[in-house]
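Visitor: I have a model open and would like to go through it with you. Can we start with a salt bridge and work outwards?

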Amino acid sequence: MSLAAGPPKALNISQRLAVLLGFSGLFILLLATLGVSFPHTAAWLTASLAAIALGVVWFSWSAYAGQSAGIKNDGVWFKSISGRGIWAWGLGILLTGFYIVLYFYPEYLGLVSDGPNRGLVALFDTLSRALSGNPASQWFVYGALYTLAILAFGIKFIWKYRHNRYEILRTVSVMFFQLAFAFLIPEIMARLNGDLPYYDLKNIWPLNYYNFERYRVNGFISAGNIGLAMLIFGVLSILVITPVLTYFYGKRWYCSWVCGCGGLAETAGDPFRHLSDKSLFAWKVERWVIHSVLVFVILMTTAVIYSYLGPDNSKYWLSRGQFLTGVGVLLTAVFAWVMAFRRNELKKDARYGAVAYFVIILGLLAFHWLSDSRHVFLFKSETLRTTYSFLIGSIFSGVIGTGFYPIFGSRVWCRFGCPMAAILGIQQRLFSRFRITTNGGQCISCGNCSAYCEMGIDVRAYAQKGENIVRASCVGCGICSAVCPRGVLKLENGPREGRINSREVLLGNDVDLMQLLNEK
Amino acid sequence: MHIVIIGNGISGITAARFIRKAADHSITVISAETDHFFSRTALMYIYMGHLTYEQTKPYEDSFWKKNRIDLVNAWVESVDPAAKTVRLSEGASIRYDKLILATGSKPNKFGWPGQDLPGVQGLYSKQDLDNLEANAPDNRTCKRAIIVGGGLIGIELAEMLRTRDIPVTFLVRENSFWSGVLPAGESAMINEHIREHHIDLRLGTNLVEILADDTGRARAVTTDKGETIDCDLVGLTAGVTPNIGFLDGSGIETGKGVLVNRFLETNHADIYAIGDCAEQREPIGNRRPVEAVWYTGRMMGEAVAQTICGNRREYKPGHWFNSAKFLDIEYQTYGWVMSGKNRGPRELHFHWRHPEKKICLTLAYDSKTRQLLGANTFGMRMRHEVFDAWLTEQRSIDAVVRDLRVACFDPEFHRDYHPLITRAFKEHEPVNA
């Protein structure tokens, strides 16, 4: 029974059996965590992962295959798990606890730094050795389970939205990028070339804020041409690849087609998408928090790179002075361009915010440039890095971002915290061809689009006015368009002219437009 | 100036919002249905568990205070045009300078025996939904539901009940679903789709009587086929009529609804009527005098707001359009595609249906000029703006079929049926049955 109001949604027998199978797989993992040591770990691990995967797929088949294709959000609010009932709170606490242990107490999972692993981590050793030749770490365990979740729930997602090819292709894409780029390729690369740092090629700075730390840069450089190519790719992906793709397709090419965080949110997080907060207040908080994280990550990365550069460019290609000047010039150029050509696209508070942040960053750069202290921006760069890594990298993206799926919805991290989403969002808002168009006067304000927007955008507010939606936060998942019962919304890439259109009168009412203009 | 609006549906609220945009008048909205405006069209999604009631409200509760729109939760008992007051059922009176009637509709009842029994209800208001939650919370309390009336609300109610696994018998007077509006091919496809969803569709069947049990609740219905069907719920969804009973004796002229001219003015200066409850004295094109449609309510709200704010504007709806969803099939219509007897002698139809899927298209055109008259689409989305422009420029059916891709509004990567449609068009025999 649900704690939420409304009738319970009962499971049928086939669904119950599927749940049993899935949980039996989880039970093996739990036993391992509690210290039971299994013989033939490979067999037990395979059995466990297979049971979980089959359980999810069986459940999905039972839930969707017998029904005709179409949106079936029946009873979402009545189910305890998706309606903030007792199961939702339980799962939230369980996931949050798992993240805390994973990040801060990996020894409880069986990680042993100077000796053979125990418990859960040991269960994954065989698989890890097969891929990279190394014993498993807690991150390997996490990566394997994460990939399993995206693959299994990806199949569920595809079943649910099988009438919509955009959703199918997008989900196949995130499943592929998670399995190949995030999981298999880095492990295999580590096996082929032991000197290379572990590199998920689709993870772009600032999402992987550690990419330009000294140990990684040294690793890239010492690994010869391949390493150097990867370092150059890392820089190009921020400065060239990302803006070009975002210009053509909006930020969705990344956030809902490639990114692993997005991948988990779209697949395993799909049953929770309606829980995101759509209030104006949440929108205000979102804009300040996410852009503050972006500023923080820029400062932190600058400080970290600065701290290992020398006064001259003998060791790396840059000296401290050249680097700081370069950062200042780049930021000034971007800021000047926005203010010169795009200021009218920003609302007043966004302009104030941009100016304030710009002044703060330049002030800190100038302060540092003039004082030439050993500390960076008054703090030790290491302090900045660990603070970011703790607050943003662990607490925000992991513990809150994923642990609280069942309470706050699936994209809390993407919406409020991800600096990559912030950069892509600014690009999307200011110079992309992407927008969601609305279909004349057909909107009936039912609210399905807003409810099922995982990013908390009040889509209906635009649709009922017949306005295109060009919000920075939109990740282009396409669900608003899918759930619309009147076919009012469509994701489109098109010319930039007329992208933001605010009609005075919706289509359907025949008014003399010239007369209307003259009256104004 | 004090403007009083009776009814907080889409018409009344649109009027209030546009008056606020244009002027500083004080605005009072009276409704006993709910405290705040919600989207009536989304009521079904609350019962189905897709949305909460809160999510059906297009504006946050703080919106009304911020925009200085006063909300009064009360029933209006009568209107006195001479004293310019409305009387509330609690006894209080409110004076107005301008009055807008936007009271919407109520479900039709055609004098069936037993139509007022407990367990018999329509589906229009928030209260109807609350009743449904009490009458049919699950399939143990409600072992079978009977739905009477083969239109849009009927099929929505059937879909709602099916999400709670309640068996549904759907009595439709016509020989095919919504055949007064849909051409035969489309109507036939929807019949199939209804049955696919395990709804017991009885075509050509009329309700005769609703029978009561010992406690006075509805327990069964009898049909004109001589059957008695046990049930715990009877849904009456045979259309709606204007909700204007409280105007009796006020001197405001009414027919089926409140009679208005093209400026939405009633026979009394300073009293206007909009939305479902208004009836046009002069018909507008092919439109019915009373149009219980979401969009037209919104358009009337816009128009009357302009008039009241000193910019007298005619209600001038453009080309007809509408949309709906039949279980899993989306439906859109632009212009006029007439069914059965309504079809003029020169109206021809090109009808295409996908060989396997529940997707079809009907284009109506003039047999002499080949001008496009209207389009119905099922399972595919069309761009409103494009069809609106095509109807205005009186484009030929040949050019419409040729450029159909331009009008496509389906999501990216959808299957393109255009080649199939083009081929079918070349081979088609004009249908004018």
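**Salt bridges, cores and the interface**

Guide: B:Asp270 and B:Lys98 form a salt bridge, with 3.1 Å between the closest N and O atoms. Keep in mind that this is a predicted model.

Visitor: Where in the chain do B:Asp270 and B:Lys98 sit?

Guide: The two are 172 residues apart, so to speak of distant parts of the chain is fair. B:Asp270 is in the loop between strands E18 (258–260) and E19 (271–273) of chain B, while B:Lys98 belongs to strand E7 (residues 98–101) of chain B.

Visitor: And B:Lys98, buried or exposed?

Guide: B:Lys98 is buried, because its relative accessible area is 15% and the cut-off for buried is under 20%.

Visitor: What does B:Asp416 pair with?

Guide: B:Asp416 meets B:Arg405 in a salt bridge, 2.9 Å from N to O. Both residues lie in the loop between helix H9 (397–402) and helix H10 (418–427) of chain B, so the pair ties together parts 11 residues apart in sequence. B:Asp416 counts as partly exposed, at 37% relative accessibility.

Visitor: Which residues are joined into one network by salt bridges that share partners?

Guide: That network is made of A:Lys160, A:Glu167, A:Arg170, A:Glu266, A:Asp270, A:Arg273, A:Arg411 and A:Glu454.

Visitor: How many salt bridges over all chains?

Guide: The structure holds 45 over all chains. One of them joins A:Lys202 and A:Asp200, whose closest N and O atoms are 3.2 Å apart.

Visitor: Are A:Lys202 and A:Asp200 buried or exposed?

Guide: A:Lys202 counts as buried because its relative accessibility is 7%. A:Asp200 counts as buried too, at 11%.

Visitor: Next topic, the cores. How many residues does the largest nonpolar core have?

Guide: The largest nonpolar core has 215 residues. Those with the most contacts inside it are A:Tyr254, B:Val79, B:Leu101, B:Leu161 and B:Phe387. Helix H12 (residues 280–308) of chain A gives the largest share of this core, 13 residues.

Visitor: What does A:Tyr254 touch?

Guide: Not counting residues up to four places away in sequence, A:Tyr254 touches A:Lys202, A:Asn203, A:Ile204, A:Leu207, A:Cys259, A:Met420 and A:Leu424. A:Lys202 is the residue in the salt bridge with A:Asp200. Apart from the largest core lies another, of 35 residues, and A:Trp77, A:Leu102, A:Met175 and A:Phe272 are among them.

Visitor: How many residues of helix H11 of chain A are buried?

Guide: Seven of the eight residues of H11 (residues 260–267) of chain A are buried, so "mostly covered" is the right description. The buried residues are A:Gly260, A:Gly262, A:Gly263, A:Leu264, A:Ala265, A:Glu266 and A:Thr267. A:Glu266 also belongs to the salt-bridge network.

Visitor: What do those buried residues of H11(A) pack against?

Guide: They pack against four helices of chain A: H6 (138–160), H7 (165–192), H10 (252–255) and H16 (405–408).

Visitor: Now the interface. How many residues of chain B are in contact with chain A?

Guide: 58 residues of chain B are in contact with 61 residues of chain A. The area buried between the two chains is about 4800 Å², and carbon and sulfur atoms give 44% of that.

Visitor: What about salt bridges and polar contacts between chain B and chain A?

Guide: Between chain B and chain A there are three salt bridges, including the one between the side chains of B:Asp328 and A:Lys72, 2.8 Å from N to O. There are also 32 residue pairs in polar contact, counting pairs with both residues at pLDDT 80 or more.

Visitor: Which elements of chain B supply that side?

Guide: Helix H2 (43–47), helix H7 (294–308), strand E21 (321–326), strand E22 (329–335) and helix H8 (384–392) of chain B each supply at least two residues. The side of chain B that touches chain A divides into 22 nonpolar, 17 polar and 19 charged residues.

Visitor: Last one. Where is A:Ser397, and what is its side chain doing?

Guide: A:Ser397 is in helix H15 (residues 381–400) of chain A. A polar atom of its side chain lies 2.6 Å from the backbone oxygen of A:Gly393. A:Ser397 counts as buried, at 17% relative accessibility.

Note on methods. Residues numbered from 1 in each chain as written. Chains lettered and ligands numbered in written order. Predicted model: local features only at pLDDT ≥ 70, side-chain atom pairs only at ≥ 80, totals over all residues. Heavy atoms only, no water. Contact = heavy atoms within 4.5 Å. Buried area = accessible area lost by both parts, 1.4 Å probe. Salt bridge = Lys/Arg side-chain N within 4 Å of Asp/Glu carboxyl O. Polar contact = N/O pair within 3.5 Å; in protein donor to acceptor, adjacent residues only side chain to side chain. Nonpolar A, V, L, I, M, F, W, Y, C, P; charged D, E, K, R; others polar. Core = buried A, V, L, I, M, F, W, Y, C linked by side-chain atoms within 4.5 Å. Buried < 20%, exposed > 50% of the residue type's maximum accessible area, 1.4 Å probe, protein only.
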